[in-house]
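Reader: Could you take me through one part of this model up close? I'd like to hear about the largest pocket and the nonpolar patch on the surface.

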Amino acid sequence: MITPPGAMVLVLLCVGLATAWKSITKSVSLDFGLGAASGSSLGLSAGGAGLAAATLVPLVNGIGSQVTGPFN
């Protein structure tokens, strides 16, 4: 289960992705969009989702704890 600091990191990553999308040129935008779509579809597969949950959720939670730790 993702913790609140981990959720904060994910929101910031989404904002960064949206900002990067708006700032790139049209020719690179297609490659960027296709990469995001293929990564999203891979994450939705059963094996990919299990692997991502086992590795990425603790990683994001750890990053969020590191970032928000000094403020607690």
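Author: Let's start with a term: helices here are DSSP runs of H or I at least four residues long, numbered from the N terminus. Keep in mind that this is a predicted model.

With that in hand, the overall layout is quick to give. The protein has 3 helices and 0 strands, and from the N terminus on its elements run α-α-α. Of its 72 residues, 12% are buried. The protein exposes about 5300 Å², and carbon and sulfur atoms supply 76% of that area.

Now for the pocket. The largest pocket comes out at about 170 Å³. Its lining is made up of I2, L10, L13, C14, L17, L56, V57 and V60. Sort those residues by type and you get 8 nonpolar, no polar and no charged. Helix 1, spanning 4-23, and helix 3, spanning 46-68, each bring at least two residues to the lining. The largest share is from helix 1, with 4 residues.

One of the lining residues, V57, deserves a closer look. V57 sits in helix 3. Is V57 buried or partly exposed? The cut-off for buried is under 20% relative accessible area, and exposed means over 50%. V57 has 26% relative accessibility, so it counts as partly exposed. You can also place V57 against A7: the two are 50 residues apart along the chain, yet their C-alpha atoms are separated by 9.6 Å.

On to the surface patch. M8, L12, L56, L59, I63 and V67 make a nonpolar patch of about 520 Å². Helix 1 and helix 3 turn up again, each giving at least two residues to the patch. Which helix gives the most to the patch? That's helix 3, with 4 residues. L56 links the two parts of this tour, as it is listed in the pocket lining and is also one of the patch residues.

Finally, pick out L59, one of the patch residues. L59 is found in helix 3. Residues need over 30% relative accessible area to be taken into a patch. L59 has a relative accessible area of 47%, so it clears that cut-off while still counting as partly exposed.

To put the pieces together, helix 1 and helix 3 each supply at least two residues of the pocket lining, and each supply at least two residues of the nonpolar patch as well. Helix 1 has the largest share of the lining, whereas helix 3 gives the most to the patch.

Technical notes. Residues are numbered from 1 along each chain as its sequence is written. This is a predicted model: local features need pLDDT of at least 70, side-chain atom pairs count only at pLDDT 80 or more; totals for chains, interfaces and linings use all residues. Side-chain values use heavy atoms; hydrogens and water are left out. On a 1 Å grid over the protein atoms alone, a cavity is a set of points where a 1.4 Å probe fits but cannot get out, and a pocket is an open set with protein on both sides within 12 Å along at least five of seven lines; lining residues have an atom within 4 Å of a point. Grid points are joined across faces, edges and corners, and a volume is the space filled by probe spheres set on the points. Ala, Val, Leu, Ile, Met, Phe, Trp, Tyr, Cys and Pro count as nonpolar, Asp, Glu, Lys and Arg as charged, and the others, Gly among them, as polar. Patches are made of residues with over 30% relative accessible area and no salt bridge: like charges are joined within 9 Å, nonpolar side chains (Val, Leu, Ile, Met, Phe, Trp, Tyr) within 5 Å. Accessible areas come from the Shrake-Rupley method with a 1.4 Å probe; for residues, only the protein chains shown count as cover. A salt bridge is a side-chain nitrogen of Lys or Arg within 4 Å of a carboxyl oxygen of Asp or Glu. Buried means under 20% relative accessible area, exposed over 50%, partly exposed in between (1.4 Å probe, protein chains only).
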